[in-house]
Amino acid sequence: MMYNVVAYHIGHKIQLREVKEKLSYALIKKEHTFLLYRLHDYSFIYIKNYGSIVFFNCSDSLKQDFFSNAFDLEKINLNDFHQEKYKIKIEKEEMFSIGFDYLILPKVTVDIAHIIMLNLAQSVALDYYYEESAVILESSAIYSKQLEKTGKIRLTRNKMRSYIGK
C-alpha cells in the first residue's frame, strides 16, 4: 500500500477556531496550535496555526474542497503554495526505513500519521521562511551598498517604511 502526503504553507497564520467552525470532517485531535481531521481510515488533514496544511492520502479534489470550505476560496492553484511531497509505503514485514522523499512503515496509526504530518508541516514552513528571509537579505545588501557608496538610500519615505515593516 502506498500513500501520498503533501504539505502546503499558505504564507500566513491560520485562525483555527474559524476553520474548525467551517469544517464538517471528523476532528480526532486538537490543541491550541493544530487540528487533526480523519476523513476515512487512512486519510487525514492536519492544520497547523502557523500556516501549514498537510494532506495524508487525499485527492486533489478533496484538497480543493478543503480550501473552498475552510477559507472561502472558490478555485485555487495548489502549485502557488510552497509544498513538500512525501510517500508512505506500508510493508508489513519491513522495519522503519527513511529516504529523502519516502518512508517505509509496517503500519500506519493515527499517532504515526500525526508525527509525519507535524514534521512535514514544520519542514514546509521552514522552507517558506528561508526563501522569504533570503529575499529580504538580498535587498538589504543592495541598500547597504547604496548607503556605503553614496551615504543615501534611493527609496521614497513610504517605500522605506514598507521595507522596514517587511
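A polar contact is a pair of N or O atoms within 3.5 Å; within protein, one of the two must be able to donate a hydrogen and the other to accept it. By that yardstick, the side chains of His9 and Ser52 make a polar contact, at 3.1 Å. The structure described here is a predicted model, and His9 is a handy place to start reading it.

His9 sits in strand 1. With a relative accessible area of just 1%, the residue falls under the 20% cut-off and so counts as buried. Besides its link to Ser52, the His9 side chain reaches the backbone oxygen of Gly51, at 3.3 Å. Setting aside residues up to four places away in sequence, His9 touches Tyr50, Gly51 and Ser52, then Phe81 and His82, and finally Val124, Ala125, Tyr128 and Tyr129. Of these partners, Val124, Ala125 and Tyr128 are among the buried residues of helix 3.

A second histidine, His82, turns up in that contact list. His82 belongs to strand 6, which covers residues 82–90. Its side chain pairs with that of Glu131 in a polar contact of 2.8 Å. Beyond its neighbours within four places in sequence, His82 is in contact with Ala7, Tyr8 and His9 on one stretch of the chain, and with Val124, Asp127, Tyr128 and Glu131 on another. Val124 and Tyr128 thus appear in the contact lists of His9 and of His82.

Helix 3 itself runs over residues 110–150. Its 41 residues should span 60 Å at 1.5 Å a residue, and the C-alpha atoms at its ends are indeed 60 Å apart, so expectation and model agree. The buried residues of the helix are Ile112, Ala113, His114, Ile116, Met117, Leu120, Ala121, Val124, Ala125, Tyr128, Ser139 and Gln146. As for spacing, an α-helix has 3.6 residues a turn, so residues three or four places apart point the same way. Just after helix 3 comes Gly151, with a positive phi near 80 degrees.

Ile136, also in helix 3, is partly exposed, at 28% relative accessibility. Leaving out neighbours within four places in sequence, Ile136 is in contact with Tyr163 and Lys166. Ile136 and Lys166 are 30 residues apart along the chain, and their C-alpha atoms are separated by 8.0 Å. Lys75 and Leu126 give another pairing of sequence and space: 51 residues apart in sequence, they are 26 Å apart, C-alpha to C-alpha. Lys75 is found in the loop between helix 2 and strand 6, and its relative accessible area of 68% makes the residue exposed.

On to charge pairs. Side chains of opposite charge can pair when their charged atoms come close. The model has 3 salt bridges. One joins the side chains of Lys29 and Asp111, with an N to O distance of 2.6 Å. Lys29 lies in strand 2 (residues 26–31) and Asp111 in helix 3, so this bridge ties together parts of the chain that are 82 residues apart in sequence. Lys29 is partly exposed, with a relative accessible area of 25%, and Asp111 is partly exposed too, at 45%.

Another salt bridge links Lys63 and Asp60, at 3.3 Å from N to O. Here the partners are 3 residues apart in helix 2 (residues 60–71), which puts about one helical turn between them. Their surroundings contrast: Lys63 is buried, with a relative accessible area of 5%, while Asp60 counts as exposed at 52%. A further bridge connects the side chains of Lys89 and Glu91, 3.2 Å from N to O. Lys89 is partly exposed at 33% relative accessibility, as is Glu91 at 28%.

Lys63 also features in the lining of the largest pocket, which has a volume of about 170 Å³. That lining is made up of Asn4, Val5 and Val6, Phe55, Asn57 and Cys58, Lys63, the run Lys85, Tyr86 and Lys87, and Asp101. Strand 1 (2–9) and strand 6 are the elements that contribute two or more residues to the lining. The histidines described above come from these strands as well, with His9 in strand 1 and His82 in strand 6.

Note on methods. Residues numbered from 1 in each chain as written. Predicted model: local features only at pLDDT ≥ 70, side-chain atom pairs only at ≥ 80, totals over all residues. Heavy atoms only, no water. Salt bridge = Lys/Arg side-chain N within 4 Å of Asp/Glu carboxyl O. Helix = DSSP H or I, 4+ residues; strand = E, 2+ residues; numbered from the N terminus. Buried < 20%, exposed > 50% of the residue type's maximum accessible area, 1.4 Å probe, protein only. Contact = heavy atoms within 4.5 Å. Expected span 1.5 Å × (residues − 1). 1 Å grid on protein atoms, 1.4 Å probe; cavity = no way out; pocket = protein on both sides within 12 Å on 5 of 7 lines; lining within 4 Å. Points joined across faces, edges and corners; volume = space filled by probe spheres on them.
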